[in-house]
Amino acid sequence: MIDIKKITRQVTIQRNAILSKIKRLRRDDPFSSVDRSLIVEPGTDAGMLFGHEQAVVFEQRLKSDLKEIEFALRKIKKGTYGKCEKCGQPIEFKRLEVKPSAIYCLDDERKVERGGK
Ligand SMILES: [Zn+2]
């Protein structure tokens, strides 16, 4: 049996952790207060620029995690939690234990990761 309260708690904790990571990232990013589409002036500190690029890549990854987590929370509300979004089959319980925010069964997640829709 899936303990939906426990899952909700776990997923919410994950969500908050990601949100605070994004916040910290923006604070630490030397360019965060500047327009992100800025054209880099010659002589811009290379280390700072590298830090900025890393922060952007990392933030994108965090945001895609966040999207998945919010999707999982919506599924909990709708009562479809634990069912694969693609094939509608129940997601393996062991998988949900490891990754409570999973919205696809293992097969479909592999397909999604390969880029097939
Ligand atoms: Zn599936």
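UniProt, in an unreviewed entry, lists residues 79-107 as "domain: Zinc finger DksA/TraR C4-type". In this predicted model, that span is 28% helix and 0% strand, and its end C-alpha atoms lie 22 Å apart. The record also holds an overlapping feature: "zinc finger region: dksA C4-type", again from an unreviewed entry, is listed for residues 84-108. Here are the two spans side by side.

| UniProt feature | Helix | Strand | Distance between end C-alpha atoms |
|---|---|---|---|
| Zinc finger DksA/TraR C4-type, residues 79-107 | 28% | 0% | 22 Å |
| dksA C4-type, residues 84-108 | 36% | 0% | 8 Å |

Now let's turn to the helices H1 and H2. Helix H1 covers residues 4-28, and helix H2 covers residues 46-78. How do the two pack? The angle between H1 and H2 is about 155°, and their axes are 10 Å apart. Because angles over 145 degrees count as roughly antiparallel, H1 is roughly antiparallel to H2. Their crossing is left-handed.

Which residues bring H1 and H2 together? On the H1 side, the contact includes Ile4, Ile7, Val11, Ile18, Ile22 and Leu25, along with Arg15 and Lys21. On the H2 side, Phe58, Leu62, Leu66, Ile69, Leu73 and Ile76 are among the residues that take part, as are Glu59, Asp65 and Glu70. Sorted by class, this contact has 14 nonpolar, 2 polar and 6 charged residues.

Finally, how confident is the prediction? The protein chain has a mean pLDDT of 87, and 87% of its residues reach 70 or more. Among the chain's elements, H1 has the highest mean pLDDT, at 93, while H2 has the lowest, at 90.

Conventions
Residues are numbered from 1 along each chain as its sequence is written. This is a predicted model: local features need pLDDT of at least 70, side-chain atom pairs count only at pLDDT 80 or more; totals for chains, interfaces and linings use all residues. UniProt positions are given in the numbering used here, feature names are shortened, and annotations may be inferred rather than shown by experiment. Helices (H or I, at least four residues) and strands (E, at least two) are DSSP runs, numbered from the N terminus. pLDDT is the predictor's confidence in each residue, from 0 to 100. Axes are lines fitted to C-alpha atoms, for helices over the stretch in contact, and angles run from 0 to 180 degrees between N-to-C directions. Angles under 35 degrees count as roughly parallel, over 145 as roughly antiparallel, 65 to 115 as roughly perpendicular and the rest as oblique. A crossing is left-handed if the near helix is turned anticlockwise from the far one by less than a right angle, and right-handed if clockwise. Two residues are in contact if their C-beta atoms, placed from the backbone, lie within 7 Å. Ala, Val, Leu, Ile, Met, Phe, Trp, Tyr, Cys and Pro count as nonpolar, Asp, Glu, Lys and Arg as charged, and the others, Gly among them, as polar.
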